[in-house]
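Subject: Structure for you to look at

Hello,

As agreed, I am passing on the structure. Please open it beside this message, and then read my notes below.

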Amino acid sequence: MESPALSSLIPHLLALKLLPRTGWLQRGVRDVESVAEHSFGVAVLCLLIGDQIADIDRGRLLAIALLHDLAESLLSDLPASATRLLGKEAKRQAERDGLAALIGHLSRSDEYLTLWDEYVDGTSREARLVKAVDRLELMAQALAYERSGVRGLDSFWPLDDEWATEFPPVAALAAHLRTERSRSSG
């Protein structure tokens, strides 16, 4: 029975609702989205975009989407500047260790850690789709902040959409966001 084991996870899930996305704060954005809000957006987009892609395992896709930022409840939302200073491998290991600490007592912890590893390494179509949707959701949020008057968010926009080409619906949405951004700034 996992109910007692799950009860220790609930405060961490709640913490994600209050944890702001650090990259936005560093750019001076006020009233920024939380990690939980971001994760919810990624999960819903994965569900809807995944329906448009043949041979995607919906359960695996949603599990990866829901797990992808869970460790941030222990580590905080480490911005890109932290990754540059710590190194990708140190950040990855800290996040994996954090996730293991959070879910290690659950009966399916090994499966969940494997799914998270897939996400980080991009070793399955589902993992690569979550990673692409994560970036897409970031672009959508950047556009929303820019439309509210925030400037200086160019670093949140990838230089090209090569990362999206494996999944045509993601590529189409990325192109749409770029068009909307051009209209907003022009």
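I begin with helix H10. Its 23 residues, at 1.5 Å a residue, should span 33 Å, and the C-alpha atoms at its two ends are 33 Å apart, so the expected and computed spans agree. Just after H10 comes Gly-149, which takes a positive phi of about 110°. Please keep in mind that this is a predicted model.

Now the protein as a whole. It has 11 helices and 0 strands. Read from the N terminus on, the order of elements is therefore plain to write down: α-α-α-α-α-α-α-α-α-α-α. The radius of gyration is 17 Å, close to the 16 Å that the globule rule gives for 186 residues, so the protein is as compact as a globular protein of that length. Along the principal axes, the C-alpha atoms fill a box of roughly 55 × 40 × 30 Å. Of the 186 residues, 45% count as buried. If you take the contacts between residues at least 6 apart in sequence, 66% of them join residues at least 24 apart.

Next, the pockets. How much space lies in the largest pocket? The value is about 1,500 Å³. Its lining is made up of 37 residues, and those nearest its centre are Ala-80, Thr-83, Lys-91, Asp-134 and Arg-135. The elements that give two or more residues to this lining are helix H3 (22-26), helix H7 (80-86), helix H8 (88-103), helix H9 (109-121) and helix H10 (125-147). H10, the helix I began with, gives the largest share of the lining, 6 residues. By type, the lining residues of the largest pocket divide into 16 charged, 13 nonpolar and 8 polar.

The second largest pocket holds about 360 Å³ of space. It is lined by 16 residues, and nearest its centre lie Leu-9, Leu-13, Leu-66, Leu-67 and Leu-70. At least two lining residues come from each of helix H2 (10-18), helix H4 (35-50) and helix H5 (58-67). The largest share, 3 residues, is supplied by H4. Here the lining residues divide into 12 nonpolar, 2 polar and 2 charged.

Finally, two single residues. Leu-62 lies in helix H5. Is Leu-62 buried or partly exposed? Its relative accessibility is 22%, and buried means under 20%, so Leu-62 counts as partly exposed. Not counting residues up to four places away in sequence, Leu-62 touches Ala-43, Cys-46 and Leu-47. Leu-62 and Val-130 are 68 residues apart in sequence, and their C-alpha atoms are 8.4 Å apart in space.

The other residue is Ser-73, which is found in helix H6 (residues 72-75). Its relative accessibility is 16%, so Ser-73 counts as buried. Which residues is Ser-73 in contact with, leaving aside its neighbours within four places in sequence? They are His-12, Leu-16 and Leu-102.

When you go through the model, you could start with H10 and Gly-149 just after it, go on to the two pockets, and end with Leu-62 in H5 and Ser-73 in H6.

Regards

Terms used
Residues numbered from 1 in each chain as written. Predicted model: local features only at pLDDT ≥ 70, side-chain atom pairs only at ≥ 80, totals over all residues. Heavy atoms only, no water. 1 Å grid on protein atoms, 1.4 Å probe; cavity = no way out; pocket = protein on both sides within 12 Å on 5 of 7 lines; lining within 4 Å. Points joined across faces, edges and corners; volume = space filled by probe spheres on them. Helix = DSSP H or I, 4+ residues; strand = E, 2+ residues; numbered from the N terminus. Nonpolar A, V, L, I, M, F, W, Y, C, P; charged D, E, K, R; others polar. Buried < 20%, exposed > 50% of the residue type's maximum accessible area, 1.4 Å probe, protein only. Contact = heavy atoms within 4.5 Å. Expected span 1.5 Å × (residues − 1). Rg over C-alpha atoms; globule rule 2.2 N^0.38 Å.
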